Structure formats: C-alpha cells, structure tokens
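Here is a friendly walk through one protein model, from its overall build to its charged and nonpolar side chains. Keep the viewer open as you read, so that you can find each residue as it comes up.

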Amino acid sequence: MELLDMQSFSNLWYWIVLAVVWASVSYFMMGVPYDMYRQARWHGGQAQEDLITLLKIYIRRVDHILAKSGLFIIAFTFFLISLMVGLGFFYGNEFSQAVLLIFVPACMIAALNVRNCKKVKRLELYNEPDKLYRLMARYRLTVQIIGVVDIVITTFWGIAVNFTRTAIVG
C-alpha cells in the first residue's frame, strides 16, 4: 500500500515520474526525436529528408486530430484542470496538486507544439531547412525552460507541503 501513497511530494515515484515526463517531452520536438534532428542538421542529405518526412506525417496527424476532436480535447483538458485545482487547493488533496504541477506545463507544451506545427505548415518551412532547424531549436529550448521552471516550482511546493505536514503532525 505504500507504493500507492497519496502523499505524492514525499513519494520517490512521483519524482521519478516528473523526471521521466520532462526527459521525454524535451527529447521529442514536434514528433521528431532529438537525435534525428541533430543528424539532419549536421549531415543533411537522407537524414534531412527523413526528418522532413517524419515532420510532415506528424503535422498531418496533429491536423487530423484537431479537426476531428480538437474542441473536445480542449474542453476536457480545461475540465480536468478545473477539477484538479478544486480538489488540490480547495480541498487540500495533495495528489491533485502533484498531478496539476505536471499536467499544466505539459498542456502548455502541447499548445506550443500545435502552434509550431501550424507555423511550419503555413510557412512551408519544409523547403527552408535552416529556418526549420532554428524553429525546432527554439522550440526545444522553450520546452527545456518550461521544464526547469516546472521542476523548480514543483520542488519548492513539495518542500513546503512536506514541511507543513511535518509541522502539523510533529
């Protein structure tokens, strides 16, 4: 039962999940793995063609998903955020606070991802690899900054929650 402890900020598994989420999110840039981006930027040729093909496939998938169920996804996301805010901060549920501190920044990254996909398609950056590489590098840097800020905020919030709990119990 200790593995399912709802006191998330004192649970090692929560911190492992937080690290894995941010490592995964920063590794994939608009559906393209970072090593593939690096290979294409350094060597060009077939690696660049593969990157552009994969990016086109990913952008078509994003467009399809948004066209079919974009409004539902947005509405459901805001419902979940509202639910977690209510449970976490009005009712003091630590698990909801912990999930919220991962979920909201991940939603920001998803919105940034969609925005960049739309930009690549609109400006047809497939034909201008240098501009595409700059956009992808900026996207990755932005994701990493959001991740670092989220980890810092989550750490400080977790410390505050743990100190408060210790002060009340102890």
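## The overall build

Of the 170 residues in this protein, 34% count as buried. Please keep in mind that the model is predicted. Five helices and two strands make up its secondary structure, and along the sequence they follow the pattern α-β-β-α-α-α-α. Among the helices you will meet below are α3, which covers residues 45-90, α4, which covers residues 94-123, and α5, which covers residues 129-169.

Taken along the principal axes, the C-alpha atoms fill a box of roughly 65 × 35 × 25 Å. How much of the contact map comes from residues 24 or more positions apart? Among contacts with a separation of 6 or more, such pairs account for 69%.

## The surface and its nonpolar patch

The accessible surface of the protein comes to about 10,800 Å². Carbon and sulfur atoms hold 69% of that surface.

One stretch of the surface is worth colouring in your viewer. I65, F72, I73, F76, F79, L83, L87, F90 and Y91 together make a nonpolar surface patch of about 990 Å². Take L87 as an example from this group: it is found in helix α3, and its relative accessibility of 34% places it between the cut-offs of 20% and 50%, so L87 counts as partly exposed.

## Counting the charges

Now for the charged side chains. The protein has 16 positive and 11 negative ones, and the centres of the two sets lie 9 Å apart. Side chains of opposite charge can pair when their charged atoms come close. How many salt bridges does a search of the whole structure find? That search finds three.

## D63 and its lysine partners

Which residues are linked with D63 in a network of salt bridges? They are K118 and K121. Between D63 and K118, the N to O distance is 3.1 Å. This pair links distant parts of the chain, with D63 in helix α3 and K118 in helix α4, 55 residues apart. Between D63 and K121, the N to O distance is 2.6 Å. That pair also joins distant parts of the chain, this time 58 residues apart, with K121 in helix α4 as the partner of D63 in helix α3.

Is D63 buried or exposed? Its relative accessible area is 17%, which is under the 20% cut-off, so D63 is buried. K118 counts as partly exposed because its relative accessibility is 40%, and K121 counts as partly exposed because its value is 44%.

## The pair of K131 and E128

K131 forms a salt bridge with E128, and the closest N and O atoms are 3.0 Å apart. K131 has a relative accessibility of 43% and therefore counts as partly exposed. E128, at 31%, counts as partly exposed too.

## A positive patch on the surface

Some of the arginines gather on the surface: R41, R115, R134 and R138 form a patch of positive charge there. Two of these residues can be found by following helix α5, which holds R134 and also R138. R134 has a relative accessibility of 48%, so it counts as partly exposed. R138 has a relative accessibility of 48% as well, so R138 also counts as partly exposed.

If you would like a distance to check in the viewer, try R138 and I74. These residues are 64 positions apart along the chain, and their C-alpha atoms are separated by 25 Å.

## A buried aspartate without a partner

Let us finish with D150, which is found in helix α5. What is the nearest side chain of opposite charge to D150, and how far away is it? It is R140, 16 Å away. D150 is buried yet has no salt bridge; a salt bridge would need a side-chain nitrogen of Lys or Arg within 4 Å of a carboxyl oxygen, so R140 at 16 Å is not a partner.

What does D150 touch, then, not counting residues up to four places away in sequence? Its contacts are L18, W22, L101, I102 and P105.

Technical notes: Residues numbered from 1 in each chain as written. Predicted model: local features only at pLDDT ≥ 70, side-chain atom pairs only at ≥ 80, totals over all residues. Heavy atoms only, no water. Helix = DSSP H or I, 4+ residues; strand = E, 2+ residues; numbered from the N terminus. Buried < 20%, exposed > 50% of the residue type's maximum accessible area, 1.4 Å probe, protein only. Lys, Arg positive; Asp, Glu negative; His and termini not counted. Contact = heavy atoms within 4.5 Å. Patch = residues over 30% accessible without salt bridge, like charges linked within 9 Å, V, L, I, M, F, W, Y side chains within 5 Å. Areas by Shrake-Rupley, 256 points an atom, 1.4 Å probe, with all protein chains shown as cover. Charge placed at Lys NZ, Arg CZ, Asp CG, Glu CD.
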